[in-house]
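Biologist: Could you take me through the main nonpolar core of this model, along with the strands and odd backbone spots that go with it? I'd like one connected tour rather than a list.

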Amino acid sequence: MSAPPAEELVTQWESEQARLRQQVVEEDTEDWQMTPGYSGLERVGGVDLSFIKRDDVNACAQLVVLSYPDLEVLYEDSQMVTLTAPYIAGFLAFRETPFLLEALQRLQRKQPTLLPQVVFVDGNGLFHYREFGLACHLGVLSGLPCVGVAKNLLQVQGVNKNEEHQSQIAALQKGGDSFPLTAASGKVLGKALRSSDKSSKPVYVSVGHKISLDTAVRLTHSCCRYRVPEPIRQADCRSREYLRIHFSAADTEIKE
């Protein structure tokens with residue numbers, strides 16, 4: 001008897017993740033990453049998807065490119081898309097990556113001089129069930145350095161939102177403070193970062209591709225005016241605004 005379609009899909013996606021995982025580069029590869037103040041870094045990107053309320057198929061795929069270090073918007077791309085892949089926990093990238101990749105490819109064709117030198121992704125990278133989240137997937141397929149920044153803790157590989165975790169959060173005194181997210185195996189998969197003096201709730205940073213964890217954390221902090229790094233915050237706000245303009249405000253909501 002053949003496996004149910006969903007089971008076959010999971011098997012196929014696990015195999016694809018394992019294949020692509022081997023291509024992830026977990027260290028700094030760009031000259032700007034190795035200079036004080038990231039000299040040479042001029043453009044940072046952010047991507048996000050926002051969904052119409054009560055609709056998990058139709059969404060706005062958003063790309064923004066900001067100047068660095070001023071964090072002013074240089075480019076934006078809003079595109080309504082229809083997601084065809086089903087949502088299965090741990091495989092979000094198979095739903096979202098194609099549309100985010102297309103946005104980067106459109107920019108490459110239209111205005112290649114504005115292509116971001118690093119992309120911030122609203123989601124996880126190595127901090128994932130199989131160490132291959134959305135930020136890794138987009139990074140490997142695009143070839144660009146990517147950083148995963150999640151607003152909520154993914155409880156995975158022995159990392160739990162328990163008393164110890166809460167006490168570690170409480171110990172983060174100022175913006176820039178962080179602590180490692182260590183798997184049961186002992187491997188550090190990411191870091192919880194207090195990204196702003198004004199917000200005591202951390203974000204969760206992990207390597208996507210072509211960047212080290214320490215650089216990813218420092219760069220994330222340097223891109224934060226508020227809790228969420230500005231490239232992701234701008235992508236989030238602009239995708240929401242696009243839906244508000246094109247659809248009833250009552251029918252829109254932002255995906256977390």
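Modeller: One bit of vocabulary before we dive in: two strands count as paired if DSSP finds at least two bridges between them. Also keep in mind that this is a predicted model.

Let's start with β8 (203-209), as the pairing runs through it on two sides of the story. β5 (146-150) and β8 pair in the antiparallel sense, over 5 bridges. If you want one pair to click on, take C146, whose bridge partner in β8 is H209. Strand β7 (residues 188-193) is joined to β8 as well, by 3 bridges, and these two also run antiparallel. There, A192 stands opposite Y204 of β8. As for cover, β8 is mostly hidden, with 7 of its 7 residues buried.

Now the core itself. The largest nonpolar core has 31 residues, and the members that touch the most other members are L41, V44, Y68, F120, V147 and L219. Several elements chip in: β2, β4, α3, β5, β8, α5 and α6 each supply at least two residues. The largest share comes from α5, with 4 residues.

L219 is a good place to park the camera. Setting aside neighbours within four places in sequence, L219 is in contact with W32, Y38, L41, Y68, V118, F120 and I211. Don't lump everything nonpolar into this one cluster, though: another core, of 26 residues, lies apart from it, and A59, F99, L100 and L114 are among its members.

Two of those L219 contacts, Y38 and Y68, lead to backbone oddities. Y38 has a positive phi of about 55° although it isn't a glycine. Y38 sits in the loop between α1 (5-21) and β1, and it counts as buried because its relative accessible area is 8%, below the 20% cut-off. From Y68, the peptide bond to P69 is cis, with omega near 15°. P69 itself lies in the loop between β2 (58-67) and β3 (73-82).

Y38 has a counterpart in E131, a residue other than glycine with a positive phi, near 55°. E131 is in the loop between β4 (118-122) and α3 (134-142). E131 is also buried, as its relative accessible area is 15%.

Last stop is strand β1, for its polar residues. S50 is found in this strand, which covers residues 43-52. At 0% relative accessibility, S50 counts as buried. The side chain of S50 makes a polar contact at 2.5 Å with the side chain of S239. D48 lies in β1 too, and it is buried, with a relative accessible area of 2%. For a sense of scale, the C-alpha atoms of D48 and V188 are separated by 25 Å, and the two residues are 140 residues apart along the chain.

If you're setting up views, I'd make one on L219 with its contacts, such as F120 and I211, one on the C146 and H209 bridge, and one on the side chains of S50 and S239.

How values were computed
Residues are numbered from 1 along each chain as its sequence is written. This is a predicted model: local features need pLDDT of at least 70, side-chain atom pairs count only at pLDDT 80 or more; totals for chains, interfaces and linings use all residues. Side-chain values use heavy atoms; hydrogens and water are left out. Buried means under 20% relative accessible area, exposed over 50%, partly exposed in between (1.4 Å probe, protein chains only). A polar contact is a pair of N or O atoms within 3.5 Å; within protein, one must be able to donate a hydrogen and the other to accept it, and residues adjacent in sequence count only if both atoms are side-chain atoms. A nonpolar core is a set of buried Ala, Val, Leu, Ile, Met, Phe, Trp, Tyr and Cys residues joined through side-chain atoms within 4.5 Å. Contact means heavy atoms within 4.5 Å.
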